[in-house]
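Q: Please take a close look at how the helices pack in one part of this model. Set out the geometry, the residues that meet and the surroundings, with the criteria used.

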Amino acid sequence: MRVGPKIALVGGVPILAAGAIAMAGWLLLAQEERARGGAVLVADVYHDIATARLVRDQYAAADAQDRQPYAERFAGLTARAEAGLGRLTGFARIDAQRARIASVEAALARYRSQMEAFVRRTQENDGLIREMTQRADTLIDLTDRARLRQQASNADLARSLAEKVEALRVARGLVARLNALRVRTAESAVIAAQGVAQSAGQITGQITGQGADPASPAAAESEAQRGQARFRAASSDLAAALRADGREAEAEALDALTVEAAGQNPDRGKLAGWIERNLKIETSGQESLHDEVAQLLAYSVEANEIEQATQNVAIGTLKLGPRTAGALLHRDAALAERMLAEGERLARSAGALPISPLIQAEMIQALDGWRARLTTTIGGLRSQNAMIVAMDGLAATMIDSAKALNDAFVGDADRFGIFIQRILLAGAAGLLLFGALVVICVARSILVPLRALQGDMVMLTGNPAGAAVRGTGRRDELGDIARATAVFVSEITRREGALRRAKDQADVALVELRRTQDNLVRAEKLASLGQLVAGVAHEINTPLGIALTTGTLMSDEARTFRTGLAAGTLSRSRLNHFVDRVEEGATLLCTNLTRAADLVQGFKQVAVDRVSDESRSVVLATWLDDLLASLRPMLRKGGHIVERACPEDLVIDTNPGVLAQIVTNLIANAVVHGFRAGEPGRIAVDVSERDGGLVRMEVRDTGQGIPPEHLDRIFDPFFTTARSAGSTGLGMHIVHNLVTAKLGGRIALTSELGQGTVVQVEFPARRAETAAHALPTAIGTP
């Protein structure tokens, strides 16, 4: 008998009774769980709506550049709340709950639309605020320009004032000296007149017989000399002042008039006239300078006032910006209007400044634009505040509705829970004992064959082909399981054999792939060696051609010399000429043959490295010079330049042939793909020592770079953008394999369009023995 009928016969009736009770309890429990789930969903929706309101406030208070994450989070929260309300409809039991859910959904939709309008209005305000900031910055720049121009004007005024003051000082000195000279001139004239009068008195006394004072003539003469000395000193002082002022002609004229006035027959009329003339001129100039100095002082005071006013406008603008930003950040429309009035006052102040009309017009324009945008922003602030009030009302309504829904669902859950407890307590007590006995009996009839089947499967796990599954002859479900297990074991055995065969085929394909890869590397190495041979042959032809030409010329010179020697016409100059030519030819021969020998030696060294897979120690700088010399013909065609930077004492133990192949391929790749046709470029090979016994080699070019979409495929086999030019796309793939497999290193490539390409290769400076033994096995040998 099958297991199903057996269970039905043994325990059908009690199980059906228990099932009925369980079904009733399950239905009631499902209703309770439904109510509980609705309450949980309502709590989630309530939390999302409350959090969305908080995020809305954070969005409004955040800076413009930081608002987007809050807007996205608000959208996510409201979308999640909307989805929760949609799921909550399935938990509703009565129409009143569904109607309340629909009202919350409608309110949430309005809430989201109002938030979208609020976001748009906020973005518009942010744009206006940015424009206001730009215009405020422009205004500050304009005030700085005006202030700097006024400072320059003030400096010019100061220089002019200093010059005028100096000229006034000079003019005062000249006037004072002219007055002194006029006084001394008059004084000398008076003294001279007194001397003449005394002389006449003496003569009259002698005629009349009256006596005269014998001391009077001597005193008069002494006084005349002192007056003449004072007169000459005043004249010399004035002449020196004139010369110091650059008026040499007037000083010479004064000297001549002074000599004439101090002679035997003094004529002081010309000097007095010259003094009066110049005194009038200097006095007039002094008065004019006084007026100019006074005017410059007035201009200076006015300029300082203008500069102070301009600076006040700049300071007012600097204060206005942060205060306006604070008002807008806190959405304080009243404070923003006060800032608008302050901006109008600054506009009037800027309009009253006597500065450059162009700068003043730009300042007024910037202030007018700032005020216009602030006016619009104030309207936006009021709109934002109204939106926030409306959104707060909607949020409060939704929260109240969510609380009511939560109370309804919790009440339903409590009522169903009490009803379930009463039903289960009444029927479960008797049926549980009877059902347990029935289950034990049926379980024994099922578990015994199942344990036997389990033992068979454990044995088959160790040896699938060594045992058979028992119970395949049964006609019940256990027999079906045993037969299915036997089929399963046979299928596993078959698939395991297939997997082994597939693995063997994959191993053979891997060996063949590695053999093909090795052949590709060998072919690339031979092609590179062919290019090297062609380049070196071309390089050797030049010095050998020069040597051959020099030898021919020396042979011709020798024959000519022998002919002259045989004819006896050889002169000393001809002998010297022959010796010079032979010496010059020998020098050319030695130089070019030495150059050819060096090329051959370098070629031998590089060629041996190219065809050899053996490791050895090399001085990297010398080895790199030989390699770059062999690549010179390829570089010379495009006019490219290669620069090498390498420590001169760096000695490494590596495979030179592999390293030469890597450097050659990288330089060839730069020449072929990096530079446009006919455009010379620069290639740099930089070598440095790294920590951990590594050597880093960088090959950089100044070419056109690699497009970003090609960077991830550079090392793929057969990938090339120049297949029409004969490129196979294997060069960089071979380089990657040589670096990683042969040298045990790593390679990286970076490039930017128009900036060139950099390839970094890092490899050990000393090759490990284990790696050297593992390489042939890794690549496969034919």
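A: Helix α11 (residues 620-630) and helix α13 (residues 656-674) are oblique to each other because their axes form an angle of about 50°; oblique covers whatever is neither under 35 degrees (roughly parallel), over 145 (roughly antiparallel) nor 65 to 115 (roughly perpendicular). The two axes are 11 Å apart, each axis being a line fitted to C-alpha atoms over the stretch in contact, with angles from 0 to 180 degrees between N-to-C directions. The model is predicted, so local features need pLDDT of at least 70 and side-chain atom pairs pLDDT 80 or more, whereas totals for chains, interfaces and linings use all residues. Residues are numbered from 1 along each chain as its sequence is written, and side-chain values use heavy atoms, without hydrogens or water.

The crossing of α11 and α13 is right-handed, the near helix being turned clockwise from the far one by less than a right angle (anticlockwise would be left-handed). On the α11 side, Leu620, Trp623, Leu627 and Leu628 take part; from α13 they meet Pro656, Leu659, Ala660, Val663, Thr664 and Ile667, contact meaning heavy atoms within 4.5 Å. By class, this contact of α11 with α13 has 9 nonpolar residues, 1 polar residue and no charged residues (nonpolar: Ala, Val, Leu, Ile, Met, Phe, Trp, Tyr, Cys and Pro; charged: Asp, Glu, Lys and Arg; polar: the others, including Gly).

Helix α13 also packs against helix α14 (residues 731-742), at an angle of about 150° and with the axes 10 Å apart. That angle makes α13 roughly antiparallel to α14. The crossing of α13 and α14 is left-handed. In this pairing, α13 contributes Val658, Gln661, Ile662, Asn665, Leu666 and Asn669, while α14 contributes Gly731, Met732, Ile734, Val735, Leu738, Val739 and Lys742. The contact of α13 with α14 comprises 8 nonpolar, 4 polar and 1 charged residues.

Val671, which falls within the 656-674 span of α13, is one of the residues in contact with histidine 640. Histidine 640 lies in the loop between α12 (632-638) and β2 (641-645). With a relative accessible area of 11%, histidine 640 is buried (buried is under 20%, exposed over 50% and partly exposed in between, with a 1.4 Å probe and protein chains only). Leaving aside neighbours within four places in sequence, histidine 640 is also in contact with Leu635, Phe675, Glu679, Pro680 and Gly681. Its side chain reaches the backbone nitrogen of glycine 681 at 3.0 Å.

Glutamate 583, in helix α10 (residues 572-611), is by contrast exposed, at 52% relative accessibility. Glutamate 583 and methionine 554 are 29 residues apart in sequence, and their C-alpha atoms are 9.6 Å apart.

As for the whole protein, its secondary structure comes to 15 helices and 7 strands, counted as DSSP runs from the N terminus (helices H or I, at least four residues; strands E, at least two). Buried residues make up 35% of the 782 residues. Among contacts between residues at least 6 apart in sequence, 75% join residues at least 24 apart.

Key:
Polar contact = N/O pair within 3.5 Å; in protein donor to acceptor, adjacent residues only side chain to side chain.
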